[in-house]
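Biologist: I'd like to learn how to read a structure like this one. Can you take me through it feature by feature?

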Amino acid sequence: MKPRDRFEAMMAEADKAEAIIRSSIAVFDGAIAMSHRLPFPFRPIMVWIGKAKRRRAEGHLLRLETARAQLIGIEDRLRAMPADPGPWEGRQG
C-alpha cells in the first residue's frame, strides 16, 4: 500500500470516528436535557453521569483532532516527496 493510500485510509477512519464521537455527545446532551422528567433522586445522578460522559467524549474528540493535525503534517511531507523516485535517488533517511 502506498503512503498516499494509507494516508487517505487513515483520514477516512478519522472522519468516521469524529462522526461517532459527535453523535455520542449529542446523545449525552439529549439525556441531560430529558433528565428533567425524572424524579428527584435520579435527576442529579443522570445529569452528573451525562456531563462526565460528555467531557470524556470531548477529550476523545480533542485527541482525534490532534491526530488529524499530525496526519496533515505527514501529508505535507508526502507532497514534498517525489511521486516515483528512480533507482538512482536511493533511500534518504
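Biologist: Where does Arg-68 lie?

Modeller: Arg-68 lies in helix 2. Helices are DSSP runs of H or I with at least four residues, numbered from the N terminus. Before we go on, this is a predicted model: local features need pLDDT of at least 70, side-chain atom pairs count only at pLDDT 80 or more, and totals for chains, interfaces and linings use all residues. Residues are numbered from 1 along each chain as its sequence is written, and side-chain values use heavy atoms, with hydrogens and water left out.

Biologist: Does a helix have a length I can check, and what span should the 32 residues of helix 1 have?

Modeller: The expected span is 1.5 Å times one less than the number of residues. For helix 1 that gives 46 Å, and its end C-alpha atoms are 46 Å apart, which agrees. Helix 2 has 38 residues and should span 56 Å; its end C-alpha atoms are 55 Å apart, which agrees too.

Biologist: Back to Arg-68: is it buried or exposed?

Modeller: Buried means under 20% relative accessible area, exposed over 50%, and partly exposed in between (1.4 Å probe, protein chains only). Arg-68 counts as buried because its relative accessibility is 11%.

Biologist: What does Arg-68 touch, leaving out residues up to four places away in sequence?

Modeller: Contact means heavy atoms within 4.5 Å. On that rule, Arg-68 touches Met-11, Ala-14, Asp-15 and Glu-18.

Biologist: With which residue does Arg-68 form a salt bridge across distant parts of the chain?

Modeller: Here's the general idea: side chains of opposite charge can pair when their charged atoms come close. The cut-off for a salt bridge is a side-chain nitrogen of Lys or Arg within 4 Å of a carboxyl oxygen of Asp or Glu. Arg-68 pairs this way with Glu-18, their closest N and O atoms being 2.8 Å apart. That pair links distant parts of the chain, with Arg-68 in helix 2 and Glu-18 in helix 1, 50 residues apart. Glu-18 is buried, at 15% relative accessible area.

Biologist: Which salt bridges join residues within one helix?

Modeller: Residues three or four places apart in an α-helix point the same way, because there are 3.6 residues a turn. Among such pairs, Arg-22 and Glu-18 are four residues apart in helix 1, and their side chains meet at 3.0 Å, N to O. In helix 2, Arg-68 and Glu-65 are three residues apart, and their salt bridge is 3.5 Å, N to O. Asp-15, Glu-18, Arg-22, Glu-65 and Arg-68 are linked in a network of salt bridges.

Biologist: Which residues make up the largest nonpolar core?

Modeller: A nonpolar core is a set of buried Ala, Val, Leu, Ile, Met, Phe, Trp, Tyr and Cys residues joined through side-chain atoms within 4.5 Å. The largest one here has six residues: Ala-14, Ile-21, Ile-25, Ala-57, Leu-61 and Leu-64. Helix 1 and helix 2 each supply at least two of them.

Biologist: Take Leu-64 as an example: what is it in contact with, leaving aside neighbours within four places in sequence?

Modeller: Leu-64 is in contact with Ala-14, Ala-17, Glu-18 and Ile-21. The C-alpha atoms of Leu-64 and Ile-21 are separated by 9.6 Å, although the two residues are 43 residues apart along the chain. Leu-64 counts as buried because its relative accessibility is 14%.

Technical notes
Helix = DSSP H or I, 4+ residues; strand = E, 2+ residues; numbered from the N terminus.
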